[in-house]
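Me: I would like to go through the cavities, the cysteines and one helix residue of this model, taking each point in turn.

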Amino acid sequence: MEYRRVKDQESFDALSQKDIESPGERSLSSTSATSSVSNAGASKGKSSWKLKSIVTLALTLLTSSQAILIVWSKRAGKYEYSVTTANFSVEALKCLLSLIALYRTWNSQGVTEDNRLSTSFDEVSLYPIPAILYMVKNLLQYYIFAYVDAPAYQILKNLNIISTGVLYRIILKKRLSEIQWSAFILLCAGCTTAQLNPSSDHVLQTPIQGWLMAIVMALLSGFAGVYTEAIIKKRPSRNINVQNFWLYIFGMLFNLVAICVQDFDAIMNKGFFHGYSFITVLMILNHALSGIAVSMVMKYADNIVKVYSTSVAMLLTAVVSVFLFGFHLSLAFFLGSTVVSVSVYLHSVGKLQPQK
C-alpha cells in the first residue's frame, strides 16, 4: 500500500510538472511558428518587390529604344519592309518566347491546372478584344512617323497617361485619389516641358493627322492595357505564359488578316521578309521583349507602372541621345525631369488607403 501511495504521488507530481511546463512550451512553440510565418512573409515580399523592380526596369530600357529603332529602320524616309509582316513577326516571336518559358515550367513543376494550355471557351474568348486593339495601335505606331518626328512622338505618346487613368477607374472600378490625379497632370506637364524646343514658339508643329492618330493610339493603348490587366488578374494563379500565349495567338491571327488585306500582292511578289535589315530585326526583337515585359508588369504590378515606365523612358532616351547624337540638355529638360520625379513620388504616396 505504501508503495502504491508513493507511486501515485510520483505520478501526480509528474503530471503537475507537465501542466506547469506546457503553457511555456506552447507559448514558445507559438512564438516560433509566428516568427517563421513572419520571416516567410518578409522573404516573399522582398522577392515580389525585386521582381517588380526588374520587370519595370526592363520595360523602361526597352521602351526607351523603341522610337529610335523604328525611325532608324527607315530608308530614305520610308519603310522598305512591310509593317504588317513586322507586326506579325513580333507576335510570333512573343508566342515562341512564351512557349519556351512554359516548357521550362513544365519540366520543373510538371503540368498543373494553372499552367496547362488547354482552357475553357469563356476564358479564351476574352483575348480577341485586347489582341485586335493592340494590333491597330501597333500599326499606327509605324504610320504616325509620317507626320511627326521622334520628340513630337514622345510628347504625343503621353496622352495615354490620362486615358489610362480614366479607364483604370471605369473598367477596374479602382478609385484614384486627388493626389494621383494631380500626379497625372504633373507627369504630362513634366514630360512636355522636357521636350520643349527653346528655338520654337510652338510646342508641336504637327498636322491634324498626327494629332488624330496620337489620340486614337492613346485611347487604344489605355483601353487595351487596362482590359488586359483585368483579364490577367481575374485568375491570379493562372500561369502568365499561358495567358500570354493565347493573347499572342489571337494577335497573330489578326495580323495575318491585316497582311492579306494590305500587303498580300507585295508579299507574294517580293517575299515575306523583303526589305528587312539588321535594324529591322533588332526592332522586332525589342518589340517582342517589350510585350513580354508589359505583361509581367500587369501580372505583378499594375498598368500605371507601365505608363510611368514609358514616361521615364522618354527622359532616358534624351540622356542616351546626348552621347549618341549630341543632344543638347536644356533648362526645359532639367525642369521637366524634376516635375516627372515629383509626380512619380506623389503617385506612390497618394494611393487611397482601404477603410478599416
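Reply: Helices here are DSSP runs of H or I with at least four residues, numbered from the N terminus. Please keep in mind that the model is a predicted one.

Me: Which helix gives the most to the lining of the second largest cavity?
Reply: The structure holds two cavities of 30 Å³ or more, and the second largest has a volume of about 30 Å³. Its lining consists of Y127, T228, I232, Q243, N244 and L247. At least two of these residues come from each of α9 (208-234) and α10 (240-262), and the helix that contributes most, with three residues, is α10.

Me: How many charged residues are in the lining of the second largest cavity?
Reply: Tyr counts as nonpolar under the classification used, which matters for Y127, a member of this lining. The lining divides into three nonpolar and three polar residues, and the number of charged ones is zero.

Me: Is C260 buried, partly exposed or exposed?
Reply: Buried means under 20% relative accessible area and exposed means over 50%. C95, at 6%, therefore counts as buried. For C260 the relative accessible area is 44%, so this cysteine is partly exposed.

Me: How many disulfides does a search of the whole structure find?
Reply: A disulfide requires a pair of cysteine sulfur atoms within 2.5 Å. Searching the whole structure on that basis gives a count of zero.

Me: What distance separates the C-alpha atoms of L102 and N241?
Reply: L102 lies in helix α3 (residues 83-109) and is buried, at 0% relative accessibility. Leaving aside residues up to four places away in sequence, L102 touches N115, L117, N239, N241 and V242. Although L102 and N241 are 139 residues apart along the chain, the separation of their C-alpha atoms is 6.0 Å.

Key: Residues are numbered from 1 along each chain as its sequence is written. This is a predicted model: local features need pLDDT of at least 70, side-chain atom pairs count only at pLDDT 80 or more; totals for chains, interfaces and linings use all residues. Side-chain values use heavy atoms; hydrogens and water are left out. On a 1 Å grid over the protein atoms alone, a cavity is a set of points where a 1.4 Å probe fits but cannot get out, and a pocket is an open set with protein on both sides within 12 Å along at least five of seven lines; lining residues have an atom within 4 Å of a point. Grid points are joined across faces, edges and corners, and a volume is the space filled by probe spheres set on the points. Helices (H or I, at least four residues) and strands (E, at least two) are DSSP runs, numbered from the N terminus. Buried means under 20% relative accessible area, exposed over 50%, partly exposed in between (1.4 Å probe, protein chains only). Contact means heavy atoms within 4.5 Å.
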